[in-house]
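Visitor: Could you take me closely through one part of this model, the sheet, and then say what lies around it and elsewhere in the chain? I would like the pairing described residue by residue where that can be done.

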Amino acid sequence: MNYSIVMRGNPRYPEQGKKAYAAAQYKGVMSLSEVARHMMDHGSKYNDGDISAVVKTLVREMAELLREGYMVELDEMGTFYLCLDSEGAETKETFRSDRNIVDVHVGWRPGRQLRQLRKGMHFEP
């Protein structure tokens, strides 16, 4: 993987100055159809249309399950769950979901194989 070196400071402690950190340099973005084609090229017995259809259906069903309050565990892909961003209310009694919950986003905890990506990687500046 290619990387560049960037200087970054800690906004909480600006007096500490900046330090050098690695920043990933990506080759591009792979679309769903490109990933499906890549899977076919690597021996998948499913065609790219089937792969795309399954992924699109999975996303639709995951959204439904997450909205219903489930965490969704997809083995080595990891576990998906909802996170709520809310503004504080003065008391529990004055908290209103329509006013205080301001956003919902998906959290993700990768499975073991994705957590161990660092093993076997080679880095090039």
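Guide: A good place to enter this predicted model is the register at the end of the sheet, where Ser86 of strand 4 stands opposite Ile101 in strand 5. These two residues belong to the pairing of strand 4 with strand 5, residues 101–109, which runs in the antiparallel sense over eight bridges.

On its other side, strand 4, which spans residues 79–86, pairs with strand 3, residues 72–73, again in the antiparallel sense but over two bridges. Both residues of strand 3 can be placed against their partners: Val72 has Phe80 of strand 4 as its bridge partner, while Glu73 stands opposite Thr79. Between strand 3 and strand 4 the chain turns through a hairpin with five residues between the strands, and within this hairpin Asp75 takes a positive phi near 45°.

Taken together, the pairings give an open sheet of three strands in the order 3-4-5, with antiparallel pairing. Strand 3 and strand 5 are its edge strands, since each of them pairs on one side only. As a general point for reading such a sheet, side chains in a regular strand alternate between the two faces.

The sheet also has a helix set against it: helix 2, residues 48–67, lies across strand 3, strand 4 and strand 5, and runs at about 50° to strand 4. Helix 2 is in turn tied to another helix through a salt bridge between Arg37 and Asp48, whose closest N and O atoms are 3.1 Å apart. This pair links distant parts of the chain, with Arg37 in helix 1, residues 32–41, and Asp48 in helix 2, 11 residues apart. A search of the whole structure finds four salt bridges, and the one joining Arg37 to Asp48 is among them.

Turning from the sheet and its helix to the open space in the model, the largest pocket has a volume of about 150 Å³. Its lining is made up of Met1, Asn2, Gln25, Tyr26, Lys27 and Gly28, and by class this lining comprises two nonpolar, three polar and one charged residues.

Methods: Residues numbered from 1 in each chain as written. Predicted model: local features only at pLDDT ≥ 70, side-chain atom pairs only at ≥ 80, totals over all residues. Heavy atoms only, no water. Pairing = 2+ DSSP bridges. Helix = DSSP H or I, 4+ residues; strand = E, 2+ residues; numbered from the N terminus. Contact = heavy atoms within 4.5 Å. Axes fitted to C-alpha atoms, helices over the stretch in contact; angles between N-to-C directions. 1 Å grid on protein atoms, 1.4 Å probe; cavity = no way out; pocket = protein on both sides within 12 Å on 5 of 7 lines; lining within 4 Å. Points joined across faces, edges and corners; volume = space filled by probe spheres on them. Nonpolar A, V, L, I, M, F, W, Y, C, P; charged D, E, K, R; others polar. Salt bridge = Lys/Arg side-chain N within 4 Å of Asp/Glu carboxyl O.
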